[in-house]
Amino acid sequence: SYADAAVVQQEVGRRLLERFDLMRLAPVRIVDAGCGPGTHTAALAARFPSATVVAVDHAPSMVRRAAPPAASAPGNSWLGRLLGRSDDPAKPQGIDGVVADMRSMPLARESCDVVWSNFAMQFVDDLPALFEEWSRVLKVGGVVMFTAPGPDTLIELRRAINLAGDDAARRVRQFTDLHDIGDMLVHAGFADPVMDMEVITLEYAGADALWRDLRAMGVTNALAARPRGLMTPRRLGAVAAALDAGRRDGGPIRISVEVVYGHAWRVAAKKTAEGHSIVRIDDIRRGPRAG
């Protein structure tokens, strides 16, 4: 049910794809990190027909949707594409599916030109480790492009939970600020990250419609400090009443989604993992530059 409910993710991914218009890229391999049901995997393959798109997700059923078996069949392999053969022309070509954790992908070091990730970072607990992995698989000069929910996502729901006498910090995950994401990217070996944000407002006829959307997307409470029991009907009703109280002139319930957009370029490492400085042979040969 995720693909039908994730309307924000679909729209945001479309806007992220448009940002390629401002870049001059000719990638050979693109990673769709956290591909989900492949909402934009085929669009990436269509935009860059000479590239292979690697659809990565930890859920096998998602990968099967993003990279249908026919897309990985022998006739649709890189050799088949080179020879102009295809087992099924209706199926997307140049898409490989990989079931893996985004923090540990079975891809060679510096083997990819683009890492593209749409609304998937929030499912990872350790963002520094994620960015280190993306840096590992990207070639020097490669680019990472992503979207993620920002701290003001579901802010109305947090307020309603607090007004109902519960603790929103235990019920709704707090998302990472774009400035913190930028700092993590620099630490992982990316240069000059470009970050911006916008707020998309969703409208619901009532709280039940909001609950249905969250359930359909599989959005559940995974916080370590979460309450282990269910919210009582009385408390849930109090949250719904608080949401109703926030309506304007009897209009719909409005829920904010803060969308963080970012991209950064992979640069050559200056130090080893042990902290030793790296001196490149080419730099030695060129010698000092004249002032």
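Which residues of helix α9 (residues 178-187) are buried? They are Leu178, Ile181, Gly182 and Leu185, and the views below start from this helix. The model is predicted: local features need pLDDT of at least 70, side-chain atom pairs count only at pLDDT 80 or more, and totals for chains, interfaces and linings use all residues. Residues are numbered from 1 along each chain as its sequence is written, and side-chain values use heavy atoms, with hydrogens and water left out.

**View 1. The two faces of helix α9.** The buried residues of α9 are Leu178, Ile181, Gly182 and Leu185. They cover an arc of only 100 degrees around the axis, so they sit on the same side of α9. The arc is taken from the directions from the helix axis to the C-beta atoms. The face turned away from the buried side carries the exposed residues His179, Asp183 and His187. Buried means under 20% relative accessible area, exposed means over 50%, and partly exposed lies in between (1.4 Å probe, protein chains only). The cover over the buried residues of α9 includes α6 (127-137), β5 (138-149), β6 (190-204) and β7 (253-266). Contact means heavy atoms within 4.5 Å. Helices (H or I, at least four residues) and strands (E, at least two) are DSSP runs, numbered from the N terminus. Just after α9, glycine 189 takes a positive phi of about 105 degrees.

**View 2. The ring pair of phenylalanine 20 and phenylalanine 48.** A search of the whole structure finds 3 aromatic pairs. One of them joins phenylalanine 20 and phenylalanine 48 edge-to-face, at 5.1 Å centre to centre and with 85 degrees between the planes. The two rings come from distant parts of the chain, 28 residues apart: phenylalanine 20 is in the loop between α2 (7-18) and β1 (29-33), and phenylalanine 48 is in the loop between α3 (41-47) and β2 (52-57). Phenylalanine 20 counts as buried at 3% relative accessibility, and phenylalanine 48 counts as buried at 11%. Rings of Phe, Tyr and Trp (its six-membered ring) pair if their centres lie within 6.5 Å; planes under 30 degrees apart count as stacked, over 60 as edge-to-face and the rest as tilted.

**View 3. Rings of helix α6 and a cluster.** Phenylalanine 131 and tryptophan 134 form a tilted aromatic pair, 5.7 Å centre to centre, with 50 degrees between the planes. Because they are 3 residues apart in helix α6, about one helical turn separates phenylalanine 131 and tryptophan 134. Both phenylalanine 131 and tryptophan 134 are buried. Ring pairs link Phe131, Trp134 and Phe146 into a cluster.

**View 4. Arginine 266 in strand β7.** Arginine 266 lies in strand β7 and is buried, with a relative accessible area of 8%. A polar atom of the arginine 266 side chain lies 2.7 Å from the backbone oxygen of serine 135. A polar contact is a pair of N or O atoms within 3.5 Å; within protein, one must be able to donate a hydrogen and the other to accept it, and residues adjacent in sequence count only if both atoms are side-chain atoms. Leaving aside neighbours within four places in sequence, the contacts of arginine 266 include Glu110, Leu138, Gly189 and Phe190.

**View 5. Threonine 153 in the loop between β5 and α7.** Threonine 153 is placed in the loop between β5 and α7 (155-163). This residue is buried, with a relative accessible area of 5%. The threonine 153 side chain reaches the backbone oxygen of glycine 150 at 3.0 Å. Not counting residues up to four places away in sequence, threonine 153 touches Arg158, Phe175, Ser256, Val257 and Glu258.

**View 6. Tryptophan 211 in helix α10.** Tryptophan 211 belongs to helix α10 (residues 207-216) and is buried, with a relative accessible area of 14%. Apart from neighbours within four places in sequence, tryptophan 211 is in contact with Leu157, Leu236, Val239 and Leu243. The C-alpha atoms of tryptophan 211 and alanine 240 are separated by 9.9 Å, with the two positions 29 residues apart along the chain counted as their spacing.
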